[in-house]
Amino acid sequence: MPTTLAATTIAAASQLLICELAMYSLALESNNRDQIAQVLQNEGWVVACLCAAWCNTCNGYRKGFDELAVRNPSFRFTWIDIEDQADVVGDLDVVNFPTLLLQKGNAVTFFGPVLPDPHVAERLIQAQAEMSAGEIAKITAVGDRAAWQEKCNLLHLLQAAVP
């Protein structure tokens with residue numbers, strides 16, 4: 001009986017750890033691109049942070065980005081190293097780090113550099129989440145945001161990079 005209890009406890013602890021890890025940001029790799037594409041195909045939200053491994057600002061920002069993922073489980077957070085994933089995001093105009101890309105389904109609602117402060121990113125994410133589908137359609141149809149729909153659309157970039 002003690003062995004069964006111990007096995008059950010270990011199994012439960014393993015499940016809890018898996019659930020906790022799932023809430024952290026996913027580092028985009030060639031073998032998990034389909035997970036991010038699937039979220040977007042299902043009209044979900046993706047918050048992508050475009051950074052570089054050599055960037056000290058990015059390295060310092062990563063912990064806060066992961067904490068945002070824990071506090072906002074309805075969004076899929078992904079960390080994209082622009083050099084390692086150049087075949088996906090190499091044509092994007094990343095002018096400073098960190099750069100965030102927020103996308104719901106096929107609509108890119110934000111693309112640009114942000115202060116390396118998770119609270120700033122969280123306010124931005126919350127503001128995007130509060131928009132209705134009509135509001136999203138309206139803001140993505142004009143100005144720079146209209147151009148983002150083709151140039152910065154992560155779903156299209158992921159699909160184009162698939163061999």
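Is aspartate 87 buried, partly exposed or exposed? In this predicted model, aspartate 87 counts as partly exposed, because its relative accessibility of 48% falls between the limits of 20% and 50%. This residue is a good place to begin a tour of the charged pairs.

Side chains of opposite charge can pair when their charged atoms come close. The count of such salt bridges here comes to 4, and three of them are described below, starting with the partner of aspartate 87. The side chain of aspartate 87 meets that of arginine 33 in a salt bridge, with 2.8 Å from N to O. The two residues belong to distant parts of the chain: aspartate 87 sits in helix α4 (residues 86–89) and arginine 33 in helix α2 (residues 33–41), 54 residues apart. Arginine 33 has a relative accessible area of 9% and is therefore buried, being under 20%. The bridge thus joins a partly exposed aspartate to a buried arginine.

Helix α3 (residues 56–71) holds a pair of its own, lysine 63 and glutamate 67, which lie 4 residues apart, or about one turn of the helix. Their closest N and O atoms are 3.8 Å apart, and the two form a salt bridge. With a relative accessibility of 59%, lysine 63 counts as exposed, whereas glutamate 67, at 35%, counts as partly exposed.

A further bridge also involves helix α3: the side chains of arginine 71 and glutamate 122 meet at 3.1 Å, N to O. Arginine 71 lies in α3 and glutamate 122 in helix α5 (residues 118–129), so this pair ties together parts that are 51 residues apart in sequence. Here the arginine is partly exposed, with a relative accessible area of 42%, while glutamate 122 counts as buried at 12%.

Attention now returns to helix α2, the home of arginine 33. Two packed helices are described by the angle between their axes and the distance between the axes. Helix α2 packs with helix α8 (residues 154–161) at an angle of about 140°, and their axes are 9 Å apart. Since angles count as roughly antiparallel only over 145 degrees, α2 and α8 are oblique to each other. Their crossing is left-handed. On the α2 side, the contact is made by Arg33, Ile36, Ala37, Leu40 and Gln41, and on the α8 side by Leu154, Leu155, Leu158, Gln159 and Ala161. These contact residues divide into 7 nonpolar, 2 polar and 1 charged. Arg33 thus takes part both in the contact with α8 and in the salt bridge to aspartate 87.

Methods
Residues are numbered from 1 along each chain as its sequence is written. This is a predicted model: local features need pLDDT of at least 70, side-chain atom pairs count only at pLDDT 80 or more; totals for chains, interfaces and linings use all residues. Side-chain values use heavy atoms; hydrogens and water are left out. Buried means under 20% relative accessible area, exposed over 50%, partly exposed in between (1.4 Å probe, protein chains only). Axes are lines fitted to C-alpha atoms, for helices over the stretch in contact, and angles run from 0 to 180 degrees between N-to-C directions. Angles under 35 degrees count as roughly parallel, over 145 as roughly antiparallel, 65 to 115 as roughly perpendicular and the rest as oblique. A crossing is left-handed if the near helix is turned anticlockwise from the far one by less than a right angle, and right-handed if clockwise. Contact means heavy atoms within 4.5 Å. Ala, Val, Leu, Ile, Met, Phe, Trp, Tyr, Cys and Pro count as nonpolar, Asp, Glu, Lys and Arg as charged, and the others, Gly among them, as polar.
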